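Thanks for sharing this one. Here are some notes on side-chain contacts, written to be read with the viewer open.

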Amino acid sequence: MEEKTNVMRILEQKKIPYQPHFYEAGGAVSGAGAARALGEDPALVFKTLVTEGKSGRHYVFVIPVEKELDLKKAAKAAGEKSVAMLKAKELLPLTGYVHGGCSPIGMKKFFPTTIGRQVEGLERFFFSGGKVGAQVEMAPKDLRKVIRYQVADVTVESHIQ
């Protein structure tokens, strides 16, 4: 058994059912790579992205690994004129997470969170367990017991395969 992450401790503290998954991350960190390593349908594996709005506020988007964040749709969902991806070097100080290990649960501070519309109808989905090589699988309805989030159409098809 791998070491528990803060995400897993938070879920256990709140008595939320989840299934931990660990995999050998290897070289490049990618959501599609995580899906392959887990042997799961990429449509069920989501990545966590952090953005900064024109106002200076930060927003979290959780979307399927094979999709890209549409910055115009994301800005509309956040109620901002525009949003931009957070620079990688700013991620750890702001959230407490490294690139490839960012989870919507357990950030240093809660940020408004939007999950891609693709989550609707899913009984379970996967997202980062809070470190590279760790994922948690849980029901989207149970995630609402831990964090507040909205669901919106914020993605476009990825050009990268």
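The points below go through rings, surface, polar contacts and salt bridges in this predicted model.

1. Let me start with the aromatic side chains. A search of the whole structure turns up 2 aromatic pairs. In one of them, the ring centres of Phe46 and Phe125 are 5.1 Å apart and the planes meet at 85°, so this pair is edge-to-face; an angle over 60 degrees is what earns that label. The pair connects distant parts of the chain, since Phe46 belongs to strand β2 (residues 46-53) and Phe125 to strand β7 (residues 125-128), 79 residues apart.

2. The other ring contact involves Phe125 and Phe127, with centres 5.2 Å apart and planes at 45°, so the pair is tilted. Through these ring pairs, Phe46, Phe125 and Phe127 are linked into a cluster. How buried or exposed are its members? Phe46 is buried at a relative accessible area of 2%, Phe125 is buried at 0%, and Phe127 is likewise buried at 0%.

3. One charged group is worth a look beside a ring. Arg144 lies over the face of Tyr149, at 4.0 Å from the ring centre.

4. On the surface, Leu92, Val98 and Val132 make up a nonpolar patch, and together they have about 220 Å² of accessible area. Leu92 sits in helix α4 (residues 88-95) and is partly exposed, at 44% relative accessibility.

5. Two polar contacts between side chain and backbone caught my eye. Thr113, in strand β6 (residues 113-116), is buried with a relative accessible area of 6%, and its side chain reaches the backbone oxygen of Phe111 at 2.8 Å. Ser128 is in strand β7 and is buried at 4% relative accessibility. A polar atom of the Ser128 side chain lies 3.0 Å from the backbone nitrogen of Gly130.

6. How many salt bridges does a search of the whole structure find? There are 8. One of them joins the side chains of Lys4 and Glu12, at 3.0 Å from N to O. Lys4 is partly exposed, at 35% relative accessibility, and Glu12 is partly exposed too, at 35%.

7. Please look at the salt bridge between Glu157 and Lys67, where the closest N and O atoms are 2.3 Å apart. Glu157 lies in strand β10 (residues 155-157) and Lys67 in strand β4, so the pair ties together parts that are 90 residues apart in sequence. Glu157 is exposed, with a relative accessible area of 53%, whereas Lys67 is buried at 18%; the label for Lys67 follows because buried means under 20%.

8. Asp142 and Lys145 form another salt bridge, their closest N and O atoms being 3.0 Å apart. Here Asp142 is buried at 5% relative accessibility, while Lys145 is exposed at 53%. Elsewhere, salt bridges with shared partners bring Glu40, Arg124 and Glu137 into one network.

9. A last pair to locate in the viewer is Glu66 and Arg148. How far apart are Glu66 and Arg148 in sequence and in space? They are 82 residues apart in sequence and 24 Å apart in space, C-alpha to C-alpha. Glu66 is found in the loop between β3 (58-64) and β4 (67-69), and it is partly exposed at 38% relative accessibility.

Conventions
Residues are numbered from 1 along each chain as its sequence is written. This is a predicted model: local features need pLDDT of at least 70, side-chain atom pairs count only at pLDDT 80 or more; totals for chains, interfaces and linings use all residues. Side-chain values use heavy atoms; hydrogens and water are left out. Rings of Phe, Tyr and Trp (its six-membered ring) pair if their centres lie within 6.5 Å; planes under 30 degrees apart count as stacked, over 60 as edge-to-face and the rest as tilted. Helices (H or I, at least four residues) and strands (E, at least two) are DSSP runs, numbered from the N terminus. Buried means under 20% relative accessible area, exposed over 50%, partly exposed in between (1.4 Å probe, protein chains only). A charge sits over a ring if NZ of Lys or CZ of Arg is within 6 Å of the ring centre and within 35 degrees of the ring normal. Patches are made of residues with over 30% relative accessible area and no salt bridge: like charges are joined within 9 Å, nonpolar side chains (Val, Leu, Ile, Met, Phe, Trp, Tyr) within 5 Å. Accessible areas come from the Shrake-Rupley method with a 1.4 Å probe; for residues, only the protein chains shown count as cover. A salt bridge is a side-chain nitrogen of Lys or Arg within 4 Å of a carboxyl oxygen of Asp or Glu. A polar contact is a pair of N or O atoms within 3.5 Å; within protein, one must be able to donate a hydrogen and the other to accept it, and residues adjacent in sequence count only if both atoms are side-chain atoms.
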